[in-house]
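Hi there,

Here is the structure I promised to pass on. Please have a look at it first, and then read on for what turned up.

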Amino acid sequence: MPDISALDLARIQFAFTVSFHIIFPAITIGLASYLFVLEAMWLKTGHAVYKDLYHYWLKVFGVNFGMGVVSGLVMAYQFGTNWSGFSTFAGSITGPLLTYEVLTAFFLEAGFLGVMMFGWNRVGPGLHLFATGMVALGTLVSATWILASNSWMQTPQGFEIINDAVIPVDWWQVIFNPSFPYRLLHMSIAAFLATALMVGAAGAWHLLRGQNSSGVRTMLSMAMWMLVVVAPIQALIGDAHGLNTLKHQPAKIAAMEGHWQNHEGEGVPLLLFGLPDMEQETTRFAVGIPHLGSLILTHSWDGQIPALKDFPPEDRPNSTIVFWSFRVMVGLGLLMITLGVWSLWLRYRKRLYADRNFLRMALWMGPTGVIAILAGWFTTEVGRQPWVVYGVMRTADAVSNHDIATLASSLALFVIVYFFVFGIGIGYLLHLMRLPVQHAAAEPEGGAGKSRQPMRPLSAPDEPFSLETPLSDRKE
C-alpha cells in the first residue's frame, strides 16, 4: 500500500467535498434557466402544460438549491482550515473574487428566490417571470465569479509578488485571464447539458411506464432539442479550450494524451486506450490512431506538442488519472451527440415517444452529464498539479500544517456525513422526479383578501373572522 501523506489526505478531502458540491450548482444553473423558459412559454402561448412542468421542476430546483448552498459552505471553510498557505499567499485575489460572488450573485438569487418559490399566487405573472429570470441570471453570475477565481489559478496574470504574497495590480487581467472565457462557456454549457439529460431521463422513465401525458412528452421533447443544439456546440468549445490549454498549460495536455516524447518527423497519435506509467515513463498497451492527435491539437499532419519528458519529473501531472478522466468526459460527450441525432431521426419518423430502445438509452444517459462534469473537473484540477497557482505556487506549499491523524479523521467524518445527508437528499430528488406531472389548479381570483394579493393577517383564513362569531361556530 502506498504511503499517504498529509498533503495527499488534504487533496483527497477537498476533491471529495468539491465533487459532491459541483453537482448541485450545475443542476441549479440548468434548472433555473429551464424554469425561466417554461414560464415564458406559458405566458406567451397560454398552454397549461408549461405551467404544469414549471411547478413540477420547481420542487426539484428548491431541494437542489438548498443542498448546493449547504455543500458550498464547507468549501469556503476548507481554504482556511486545510489550505492556509494558499489563503495567505493568494487570498488578496481569491478573497475579493469570492466576495464579489456573494455580493452580486448570491444576494440576487436570495432576493428573488422567495418570490420565485412562493409568489406564484402573490404577485403578477410579469413580476414572477422577472423573479425567475433574476434567479437564473444569479446562477450564471455566480458561475462567472467562481470560474474567474479558479481560472486565475490555472492561468494567473495581473499580479505581483510582494513579501511572499500575491498583490493584484490589474483586476481586468486577473478576471479575464487567458483561460477564463473558454472555461466559463465550457462549464455553463455542461450545466445545461447535464440538466437536459436529467429532464430527458425523467421523461423517458415515465414513458417507459406508460405515463404518456402531454407534460411527459413535452419535457422529453424539450430536453432532446437542447441536446441536439448544445452538445455539438460543447464539442467545438472543448476543442477551443484544448488549444488554449496547449498554449498555457502544455504539461496538462501531454498528460491528457499520455504523450511522453516526440520523434523527429512523426506526428502525434491519438491514443484511444493505454495505461500511462509514471515510474516507467511510458504508456503501456497503447492503442492509437497515427497523426490524429496532431490534427486535433495543432491542426496539421505532423505537428508536435510538448511531451511529458520535456518537463522535470517533479513538474509532471499524474497522467494515469488525467488520461482516463479526459477520455471519460469526451466519450460521454460523443454519446450525448449520438443520443441527440437519434432523437432527430425518431422525431422525423414520429416515434420519439414510442421507441423503447431510445427511451432506455435516454434513461441511462440521465446521470452522464454530471459524470462528465466531474471527469472534466478532475482533468482540470489534477492536470494543474503540482501547482496550486500554475507556475507560481506549488500545492505542497499551500497546505496547512496538520498531522495525518487529524486529516484522516476529518476525511472519514466528511465521508460518513456526506453520504448520509446528501444520500437522503439525492434520494428525495429522485422521488420527486418519479412523481407524475400534475395539472395545476386554475388561477385564483384577484382582489382584496384574495390569494393574488399579499394578505392582511385577518384575511388569511378561508372565511372572514369576526369577534361577533360565537366561539362554538369558529373553525379551528
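Let's start with helix α4, residues 125–154, bearing in mind that this is a predicted model. At 1.5 Å a residue, its 30 residues should span 44 Å, and the C-alpha atoms at its ends are 43 Å apart, which agrees. As for its surroundings, 21 of the 30 residues of α4 are buried, so the rest of the structure largely encloses this helix.

Next, helix α11, which covers residues 356–364. Which of its residues are buried? Phe 358, Leu 359, Met 361 and Ala 362 are. Looking down the axis of α11, you will find these buried residues within an arc of 160 degrees, so they line one face of the helix. The general rule behind such patterns is that an α-helix has 3.6 residues a turn, so residues three or four places apart point the same way. On the face of α11 turned away from the buried side sit Asn 357 and Trp 364, both exposed. The cover over the buried residues of α11 includes α6 (180–208), α7 (214–248) and α10 (319–348). At the N-terminal end of α11, Asp 355 acts as a cap, with a side-chain oxygen 3.1 Å from the backbone nitrogen of Asn 357.

Helix α10 also meets α8 (residues 250–257): their axes come within 7 Å and cross at roughly 75 degrees. The two helices are therefore roughly perpendicular to each other. On the α8 side, Lys 252, Ala 255, Met 256 and Glu 257 make the contact, while α10 contributes Ser 319, Val 322, Phe 323, Phe 326 and Arg 327.

Best wishes

Definitions and conventions: Residues numbered from 1 in each chain as written. Predicted model: local features only at pLDDT ≥ 70, side-chain atom pairs only at ≥ 80, totals over all residues. Heavy atoms only, no water. Helix = DSSP H or I, 4+ residues; strand = E, 2+ residues; numbered from the N terminus. Expected span 1.5 Å × (residues − 1). Buried < 20%, exposed > 50% of the residue type's maximum accessible area, 1.4 Å probe, protein only. Arc of directions from axis to C-beta. Contact = heavy atoms within 4.5 Å. Polar contact = N/O pair within 3.5 Å; in protein donor to acceptor, adjacent residues only side chain to side chain. Axes fitted to C-alpha atoms, helices over the stretch in contact; angles between N-to-C directions. Parallel < 35°, antiparallel > 145°, perpendicular 65-115°, else oblique.
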